[in-house]
Amino acid sequence: MKVDAVVLDIDGVLVDVADSYRRAIVESVDRVYGDTIEKAAIQRFKDAGGFNNDWELTYAAALLVLARRESAVSDVAAFTDAVAERGGGLDAAEAVVRDLLDEPAAERVFDDWDPERLRDVFQALYLGSELYRDLEGGEPPFDAPGYINDEPLLLDEATLSDLRERFAVGVVTGRPAAEADIALERVGLDLPDEHRFTMDDWEEGKPHPTALVTLGERFDAERIAFVGDTLDDVETAVNADAADDDRVYYGVGVLTGGLTGEAGRRAFAAAGASAVVESVTDLPDLLESA
């Protein structure tokens, strides 16, 4: 694959978030409602689309837990399939709950649903007490060590050096800027602000192509590979390729997030991936300079 720019996602590509963000999703819902989803169910929400923001995925998981109290709703697959059919994302999850329940039951669910509290608990679990005070600007709801400290690096120094020597390198991530800074510093990827997009830099989020197309323009690149661990990441590249007549965009799926094995490869291929690799360390062998 010949390219002149490589754009990387962070979660599941540069750092492993199985015991950080994903753990925080499960435990936030449990702390607030005394019940939760299995960690494996998180991937079903991701595959439904529109859940690049893990806060919103947490809110949707809480809706499912609350809906279970009102009816026989228990099948995560059926719930997330219905969310996918409505286009994915939190708005779709809210609509599915209203479809599944009668009006009084749905109103009880939404009366009990507290996204603000869920976000606060999530941030306390993920950041830990010290970082919570620094980034959230107040006292955490409880003391925690911070799951952000449990993120193994997936990108090694040799791979990063190879990529930077041969290509323009950028980042598109759903993380808030401050949390992106922490991960990028840990992997040693120092980028100017104009070569990255975080949650704070654009409203649409993945799979909208704006951020990726903008980076393609800023790099004055002709061929761009976007490397991510979710179907939304691949669809971002597909959408960018459709939106930008001046450049070619390739979506490259990595199997170090929730999608793994042959099933993961098939899912990426169905979403339009140009290539699938086991991890980000395989990129130097996949990519050639254009």
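This tour goes through two helix contacts and then the empty spaces of the structure, with a selection to make at each stop. The model is predicted, and every value below is computed from it.

**Stop 1: helices α1 and α7**

Begin by selecting residues 21–33, which form helix α1, together with residues 115–136, which form helix α7; the two pack at an angle of about 130°, and their axes lie 9 Å apart. Because an angle over 115 but not over 145 degrees counts as oblique, α1 and α7 are described as oblique to each other. Looking along the pair, you can follow α1 as it passes α7 in a right-handed crossing.

To see which side chains to display, take Y21, A24, I25, E27, S28, V29, R31, V32 and Y33 from α1, and R117, L118, V121, F122, L125 and Y126 from α7, since these residues make the contact. Coloured by class, the residues of this contact divide into 11 nonpolar, 1 polar and 3 charged.

**Stop 2: helices α1 and α2**

Keep α1 selected and add residues 41–48, helix α2, whose axis comes within 10 Å of that of α1 and crosses it at roughly 105°. That angle makes α1 roughly perpendicular to α2. On the α1 side the contact is made by R22, I25 and V26, and on the α2 side by I42, Q43 and K46; by class, this contact has 3 nonpolar, 1 polar and 2 charged residues. I25 of α1 is worth labelling, as it belongs to the contact with α7 and also to the contact with α2.

**Stop 3: the cavity**

Where should you look for enclosed space, and which residues lie closest to the centre of the largest cavity? A search of the whole structure finds 1 cavity of 30 Å³ or more, and the largest cavity has a volume of about 210 Å³. Of the 22 residues that line it, D11, Y21, K46, N52 and D54 are the closest to its centre, so select these five to centre the view. The elements that give two or more residues to this lining are α1, α3 (54–68) and α7. By class, the lining of the cavity has 6 nonpolar, 6 polar and 10 charged residues. Two of the central residues have appeared before: Y21 in the contact of α1 with α7, and K46 in the contact of α1 with α2.

**Stop 4: the largest pocket**

Finally, select N53, E56, E203, E204 and G205, which lie nearest the centre of the largest pocket among the 14 residues of its lining. About 280 Å³ of space lies in this pocket, and its lining residues divide into 3 nonpolar, 7 polar and 4 charged.

Terms used. Residues are numbered from 1 along each chain as its sequence is written. This is a predicted model: local features need pLDDT of at least 70, side-chain atom pairs count only at pLDDT 80 or more; totals for chains, interfaces and linings use all residues. Side-chain values use heavy atoms; hydrogens and water are left out. Axes are lines fitted to C-alpha atoms, for helices over the stretch in contact, and angles run from 0 to 180 degrees between N-to-C directions. Helices (H or I, at least four residues) and strands (E, at least two) are DSSP runs, numbered from the N terminus. Angles under 35 degrees count as roughly parallel, over 145 as roughly antiparallel, 65 to 115 as roughly perpendicular and the rest as oblique. A crossing is left-handed if the near helix is turned anticlockwise from the far one by less than a right angle, and right-handed if clockwise. Contact means heavy atoms within 4.5 Å. Ala, Val, Leu, Ile, Met, Phe, Trp, Tyr, Cys and Pro count as nonpolar, Asp, Glu, Lys and Arg as charged, and the others, Gly among them, as polar. On a 1 Å grid over the protein atoms alone, a cavity is a set of points where a 1.4 Å probe fits but cannot get out, and a pocket is an open set with protein on both sides within 12 Å along at least five of seven lines; lining residues have an atom within 4 Å of a point. Grid points are joined across faces, edges and corners, and a volume is the space filled by probe spheres set on the points.
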